[in-house]
Amino acid sequence: MVKLTSSEIVKALATKEGFDLVGIAEAKQLGPEGERLYEWLSRGHNASMDWMARSREKRIDPRKIVEGAKSVISLARNYYYPVEHPQGPAKISRYAWGDDYHIVIEEKLKHLVASLKSEFPGRKFVHYCDTGPVMDKAWAQRAGVGWIGKHTNAINTSIGSWFFLSEIITDLECEYDTPAMDHCGECRACIDACPTHALDEPYVLDSNKCISFLTIENRDDTIHEDLARNLQNWIFGCDICQEVCPWNLKFQKPTDEARFAPRQGNLNLNVDDAHLISQEEFARRFSRSPVKRAKHSGFIRNAKALIVNKTNSESGNKADN
C-alpha cells in the first residue's frame, strides 16, 4: 500500500468534507501583502471598518496566531447558483441568497478539523471563515487556490470567483503548493463596469465607494447622494464586478450546496415595498441569512435610497418625453 503524504491526506479529507478547492502554503510572514495592507489602510480605503486595522501583526504572520505554525490550509466552497438577477426588483448579492455562509462553512470546518486531529494526533489546528485576523485572499493566492483579481476577489481558472474562502492554520508540516499566477492580463471589465468608481485603480478597492460596503458595513444614516444614485437597485451587496469577469462568464459552475440556493422572496424583492419591512419581519425573513449583517436600519436606509432613485428616474423619463 502506498503511504500518502500529509498534504495528500489533508486534501483528501477536505474534498470528502465538500470543499471544492484546497491548497497549502508555508506559514510565514506575508511581506509584500502586509505592505500593501498597510498602504491600503493608510489611504483610508477601509472606510469605517476600523476592525480591519486591528491585530495587524497577526494578519501578516499566522505564527502569531498558532505558535509553531508550519502550514496554512486554504479552502474554497463554491456558492454559484445558475439564476440571473431580475432587472426590476431590489437586488441581493448572490452570496446572500441562501443561508449564512459562516454557519455552513463553520460546520464543515469543524468536521474537517476533527478528522485532521484524529489523523494527526497532537497537532494544532485553528480554523477561520471570515472571522479572524487572517488575509484569506493572500493565503488563497499563496496556496494556489486562486489569484487576486483586479476587482480584489480571488479567481480560480476552473470555477471563476463565486466561492467562499476559509483557512486552517496548523503546526503540521506539509508539502506546499505553487502560488497562483495572475491571469487578468489587460482585461479591465470589472474596472469599467463599477458604477461608483470604487475600482479606478486596478487591484485596489476603495471601500468608501463600494456598493457592497455602502449597503452592508456602512453604519451612516444615509448614503451620499453621488453614490446613492449609482446603486443600480442593489439593496444588499453587489455582484457587478464578478458578473462581468470573463473567468466567471466562461467557467462558473453550479454549486451542489443546497443551503446556498435562493430563498423564496430574495429574487423578487419589490423596491416599493422593501422600506416597509418591520423589524420583526426583517428578523424572521432573514433569519440565519447574511442580510442580517446590514441590520434592519441599514436595510431600510438602502431601500429608501432605491425608492429615491426610482422616483428620480421616472421623473427624468417623463421630462424626456
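**Exercise 1. Helix α1 against helix α4**

Task: Describe how the axes of α1 and α4 cross in this predicted model, and name the residues that meet.

Solution.
Step 1. Helix α1 covers residues 6-16, and its axis comes within 10 Å of the axis of α4, with a crossing angle of roughly 150°.
Step 2. The crossing of α1 past α4 is right-handed.
Step 3. On the α1 side the residues are I9, V10, L13 and A14, and on the α4 side they are L112, S115, L116 and E119.
Step 4. Sorted by class, this contact consists of 6 nonpolar residues, 1 polar residue and 1 charged residue.

**Exercise 2. The open sheet**

Task: Work out the strand order of the 4-stranded open sheet, and explain why β1 and β4 each have one side without a neighbour in the sheet.

Solution.
Step 1. The order is β1-β2-β7-β4, and the pairing is antiparallel.
Step 2. β1 and β4 (125-128) are at the edges and have a single partner strand each, so one side of each lacks a neighbour in the sheet.
Step 3. Ignoring direction, neighbouring strands are turned against each other by 20° on average.
Step 4. Helix α1 packs on this sheet and touches β1 and β2, while its direction makes about 150° with that of β1.

**Exercise 3. Strand β2 and its partners**

Task: For strand β2, find how many of its residues are buried, which way they point, and how the strand is bridged to β1 and to β7.

Solution.
Step 1. β2 spans residues 71-78, and 8 of its 8 residues are buried. The cut-off for buried is a relative accessible area under 20%.
Step 2. In a regular strand, side chains alternate between the two faces of the sheet. In β2, S71, I73, L75 and R77 point one way, and V72, S74, A76 and N78 point the other way. Residues of both sets are buried.
Step 3. Strand β1 (residues 21-26) runs antiparallel to β2 and is joined to it by 6 bridges. One pair consists of I24 and its bridge partner in β2, I73.
Step 4. With β7 (residues 163-170), β2 forms 8 bridges, again in the antiparallel sense. Here N78 has F163 as its bridge partner in β7.

**Exercise 4. Nonpolar cores**

Task: Identify which residues of the largest nonpolar core touch the most other members, and trace the contacts of I235.

Solution.
Step 1. The largest core has 70 residues, and those touching the most other members are L75, I92, L116, I168, I235, F236 and F299.
Step 2. Helix α4 (residues 101-119) supplies the largest share of this core, 7 residues.
Step 3. With neighbours within four places in sequence left aside, the contacts of I235 include A90, K91, I92, T215 and L269. Among the others are A274, F299, N302, A303 and L306.
Step 4. A second core is separate and has 26 residues, including L37, W40, V72 and A143.

**Exercise 5. Three loop residues**

Task: Locate T131, A47 and N233, and decide whether T131 and A47 are buried or exposed.

Solution.
Step 1. T131 sits in the loop between β4 and α5 (136-142). Its relative accessible area is 56%, so T131 is exposed.
Step 2. T131 and S42 are 89 residues apart along the chain, and their C-alpha atoms are separated by 23 Å.
Step 3. A47 is in the loop between α2 (31-42) and α3 (56-60). Its relative accessibility is 17%, so A47 counts as buried.
Step 4. Most residues other than glycine have a negative phi. A47 has a positive phi, near 55°.
Step 5. N233, in the loop between α8 (225-228) and β8 (234-236), is not a glycine and has a positive phi of about 75°.

Terms used
Residues numbered from 1 in each chain as written. Predicted model: local features only at pLDDT ≥ 70, side-chain atom pairs only at ≥ 80, totals over all residues. Heavy atoms only, no water. Buried < 20%, exposed > 50% of the residue type's maximum accessible area, 1.4 Å probe, protein only. Helix = DSSP H or I, 4+ residues; strand = E, 2+ residues; numbered from the N terminus. Pairing = 2+ DSSP bridges. Core = buried A, V, L, I, M, F, W, Y, C linked by side-chain atoms within 4.5 Å. Contact = heavy atoms within 4.5 Å. Axes fitted to C-alpha atoms, helices over the stretch in contact; angles between N-to-C directions. Left-handed = near helix turned anticlockwise from the far one by under 90°. Nonpolar A, V, L, I, M, F, W, Y, C, P; charged D, E, K, R; others polar.
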